[in-house]
Amino acid sequence: MSDPVPFARSGAYPPRPGNAVRPLVDGEPAFRRIAAAVESARASVWVTVAFVERDLVLPGARGTLFDLLDRAAARGLDVRALFWREPELGRLLPGASHFAGGAEERAWLAARGTRWLARWDHLPRYCHHQKSWLVDAGRPGEVAFVGGINLDHGAWPDAERAGRLPFPAALSPPAGATTVQITRTVRGRRYRDPTAAPGAAPFPIEGGERSVLEQYLAAVGAARRTIYLENQFLHAPEVLAALDAALGRGVEVVFVVPAVPMPEIGAARRDPRAAAVFAQLEALARHPRFTLAGLAAWCGGARYQDIYVHAKAALVDDAWATVGSTNVANRSFYADTELNASLWDEGTARALRVALFGEHLDVDTAALDARAALALFRDVARANRERRTRGEPLQGLAFALEPARYGA
């Protein structure tokens, strides 16, 4: 038996029982479900957006994010969007796109006849990185979505003074049997209102919140059989140290990352200040139960299309899972504004593992326990690395990477 994963205790939101949870794998099914929820909403749609390209057509939305929200507002719904604003984005992250609320963008909204409320928040040097949707919050049939998918092609009146939403005064009625806890990263001195969530104590948000990191460390520390991570980054010394300790306990660990990471990873490789982090990653390779893997599709001949991993998910012992906007990186744990939902439910966590492995390995692992499934992942990924070296078709998508060369 595994030790139960502890709840995060340092955040604003306590664990909540009575939830119905359904993980959604990949952007198209996720946004089709989101669009369907918005199209059937009866009272409200509230969305938090980080990166967005205004011309991106969303699956199932009959148009763009703005088309979807405009139609909801035209039905008389309370529609609100919180966007990120970074005037220096072009310099800080060339090629990235967001909807910063400048004069041209506001004129564009006015020309569309947009009637929903928008707000733009600026977090100097860092990112409001959350991605969330609340549909009919506080009403029967309410549904929420949280994840890490940006609204850009790579994934597949004065609005800033709009009225603020009131804090919820009561919990929603139970909808299922799953316990869920919301965790966050909030940088200190960004907000001041300590109003308590229903059933919780007032939270001193002015000092910030780091409950996502607390939850990650608690989950990895409690693991006794398996840890599976799928994330855009692996640049967090505390998490890498916790993974090393877990491997020392005999835990099977699989970490899926972009096989070709962002250029910033390569730059960090060459920065002496980051040497200790990459040494930690290399040290994990001494454990035979550690697998670092990327994803790629075979295109025929000796050609492969690397799949960029933008997910931010983790599973422990087929009993706990977290999904949200948080990267395994110090920036996400300490600086950017992030939002994750963690769940304690063996059936849901196991089903998510089966769905992910079915896609990544082209194998149904429903009959395997967590340890056997991760051992199979390790074996298939290592065999696929050799297949790729020989220019042969892969089994599924996952292939093993060399930690000592990652990002080099």
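**Entry 1: Ser342**

I began with Ser342, which I found in strand 19, the run of residues 338–344, and I note at the outset that I am working from a predicted model. I then asked whether Ser342 is buried or exposed. Its relative accessible area comes to 0%, and because buried means under 20%, I entered Ser342 as buried. Looking for a polar partner, I found that the side chain of Ser342 makes a polar contact with the side chain of Thr322, at 3.0 Å. Leaving aside residues up to four places away in sequence, I listed what Ser342 touches: Thr179, Val180, Gln181 and Thr183, then Gln215, and also Trp320, Ala321 and Thr322.

**Entry 2: helix 11**

I next turned to helix 11, residues 370–390, and checked its length against expectation. At 1.5 Å a residue, the 21 residues should span 30 Å, and I found the C-alpha atoms at its ends 30 Å apart, which agrees. At the N-terminal end I looked for a cap and found Asp369, with a side-chain oxygen lying 3.3 Å from the backbone nitrogen of Arg371. Just after the helix, I noted that Gly391 takes a positive phi of about 75°.

Which residues of helix 11 are buried? I recorded Ala370, Ala373, Leu374, Ala375, Phe377, Arg378, Val380, Ala381 and Asn384 as buried, so that Arg378 and Asn384 appear in this list alongside residues such as Leu374 and Phe377. The buried residues of helix 11 pack against strand 11 (226–231), strand 13 (252–256), strand 14 (290–298), helix 10 (346–361) and strand 20 (398–400).

**Entry 3: an open sheet**

I traced an open sheet of five strands and wrote down its order as 6-5-2-7-8, with mixed pairing. At its edges I found strand 6 (117–121) and strand 8 (143–146), each of which pairs on one side only. Neighbouring strands of this sheet are turned by 10° against each other on average, direction ignored. I followed one pair in detail: strand 5, residues 78–84, and strand 6 run in the parallel sense and pair over five bridges, and Ala81 stands opposite Ala118 in strand 6.

**Entry 4: cysteines**

I closed with the cysteines and asked how many disulfides there are. Taking a disulfide as a pair of cysteine sulfur atoms within 2.5 Å, I arrived at a count of zero. I also looked up the accessibility of two cysteines. Cys127 counts as buried because its relative accessibility is 3%, whereas Cys299, at 35%, counts as partly exposed.

Methods. Residues numbered from 1 in each chain as written. Predicted model: local features only at pLDDT ≥ 70, side-chain atom pairs only at ≥ 80, totals over all residues. Heavy atoms only, no water. Pairing = 2+ DSSP bridges. Helix = DSSP H or I, 4+ residues; strand = E, 2+ residues; numbered from the N terminus. Axes fitted to C-alpha atoms, helices over the stretch in contact; angles between N-to-C directions. Buried < 20%, exposed > 50% of the residue type's maximum accessible area, 1.4 Å probe, protein only. Expected span 1.5 Å × (residues − 1). Contact = heavy atoms within 4.5 Å. Polar contact = N/O pair within 3.5 Å; in protein donor to acceptor, adjacent residues only side chain to side chain.
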